[in-house]
Amino acid sequence: MAIATEDFIKQIDELTVLELNSLVKALEDHYGVSAAAAAVAAPAGGGAAAAAPVEEKTEFDVVLKAAGEKKINVIKAVREVTSLGLKEAKDLVESAPATVKEGVSKDEAEAIKKKFEEAGATIEIK
């Protein structure tokens, strides 16, 4: 005997959290799937969700591509932007290309880029 969709939903609504958890585990075991994987896959399948605009990137990484001729000025800029010591800053500059700072706002990334370019370095914002 088939259960009407509305009746099935009403029955689920009446379950406690523990009963619902047991139901999910039983369904996972029975069908050999994981609810977490299904939850991730579900939004990607909808046509309307796929047509939604792409979110604007809010976090950027600042990458030192090349130190240029004025390494000392670039090392000073690295020390200003990060909390690295002199040796660590020197090692970072010499190991270019290297990430200077990760997960910064667009404005902060632009400010960092300006400092480094004034010091003679080549910077990339990712």
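Reader: In this predicted model, how many bridges join strand β1 to strand β2, and which way do the two strands run?
Author: Strand β1 covers residues 60–66 and strand β2 covers residues 98–104. One of the pairings sets Phe60 against Val104 as its bridge partner in β2. The two strands run antiparallel, and the bridges that join them number 4.

Reader: Which strand besides β2 is joined to β1, and which of its residues stands opposite Val63?
Author: Strand β1 is also joined to strand β3, residues 122–125, by 4 bridges, and these two strands run antiparallel. Within this pairing, the residue of β3 that stands opposite Val63 is Glu124.

Reader: Which side chain meets that of Glu124 in a salt bridge, and how many residues lie between the two positions in sequence terms, given that they link distant parts of the chain?
Author: The salt bridge of Glu124 is made with the side chain of Lys65, at 3.0 Å from N to O. Glu124 belongs to strand β3 and Lys65 to strand β1, so that the pair links distant parts of the chain. Glu124 is partly exposed, with a relative accessible area of 29%, and Lys65 is partly exposed as well, at 33%. The partner is Lys65, and the two residues are 59 residues apart.

Reader: Why are Glu94 and Lys90 separated by about one helical turn?
Author: The side chains of Glu94 and Lys90 meet in a salt bridge of 3.0 Å, N to O. Glu94 is partly exposed at 43% relative accessible area, and Lys90 is partly exposed at 38%. The separation is about one helical turn because both residues lie in helix α6, residues 86–94, at a spacing of 4 residues.

Reader: With which residue does Lys101 form a salt bridge?
Author: The closest N and O atoms of this pair are 3.4 Å apart, which falls within the 4 Å that the salt-bridge rule allows. Lys101 is partly exposed, with a relative accessible area of 25%, and its partner counts as partly exposed at 33%. By this rule the chain has a count of 5 salt bridges, and the one formed by Lys101 is with Glu108.

Reader: Is Leu92 buried or exposed?
Author: Leu92 has its place in helix α6, and, leaving aside residues up to four places away in sequence, it touches Leu64, Val78, Leu84, Ala98, Thr99 and Val100. Its C-alpha is 9.7 Å from that of Ala67, a residue 25 places away in sequence. The relative accessible area of Leu92 is 13%, and because the limit for burial is under 20%, Leu92 counts as buried.

Reader: Which residues form a nonpolar patch on the surface, and what accessible area do they have together?
Author: One member is Leu15, placed in the loop between α1 (5–13) and α2 (17–31). Leu15 is partly exposed, with a relative accessible area of 32%, so it passes the threshold of over 30% that patch residues must meet. The patch consists of Leu15, Leu20 and Val24, and their accessible area together is about 190 Å².

Reader: What share of the residues of the chain count as buried?
Author: The chain has 7 helices and 3 strands, which follow one another from the N terminus as α-α-α-α-β-α-α-β-α-β. It exposes about 9300 Å², of which carbon and sulfur atoms supply 56%. Of its 126 residues, the share that count as buried is 18%.

Reader: Among contacts between residues at least 6 apart in sequence, what share join residues at least 24 apart?
Author: The salt bridge between Glu124 and Lys65 joins residues 59 apart. Across the chain, among contacts between residues at least 6 apart, the share that join residues at least 24 apart is 66%.

Conventions:
Residues are numbered from 1 along each chain as its sequence is written. This is a predicted model: local features need pLDDT of at least 70, side-chain atom pairs count only at pLDDT 80 or more; totals for chains, interfaces and linings use all residues. Side-chain values use heavy atoms; hydrogens and water are left out. Two strands pair if DSSP finds at least two bridges between them. Patches are made of residues with over 30% relative accessible area and no salt bridge: like charges are joined within 9 Å, nonpolar side chains (Val, Leu, Ile, Met, Phe, Trp, Tyr) within 5 Å. Accessible areas come from the Shrake-Rupley method with a 1.4 Å probe; for residues, only the protein chains shown count as cover. Buried means under 20% relative accessible area, exposed over 50%, partly exposed in between (1.4 Å probe, protein chains only). Contact means heavy atoms within 4.5 Å.
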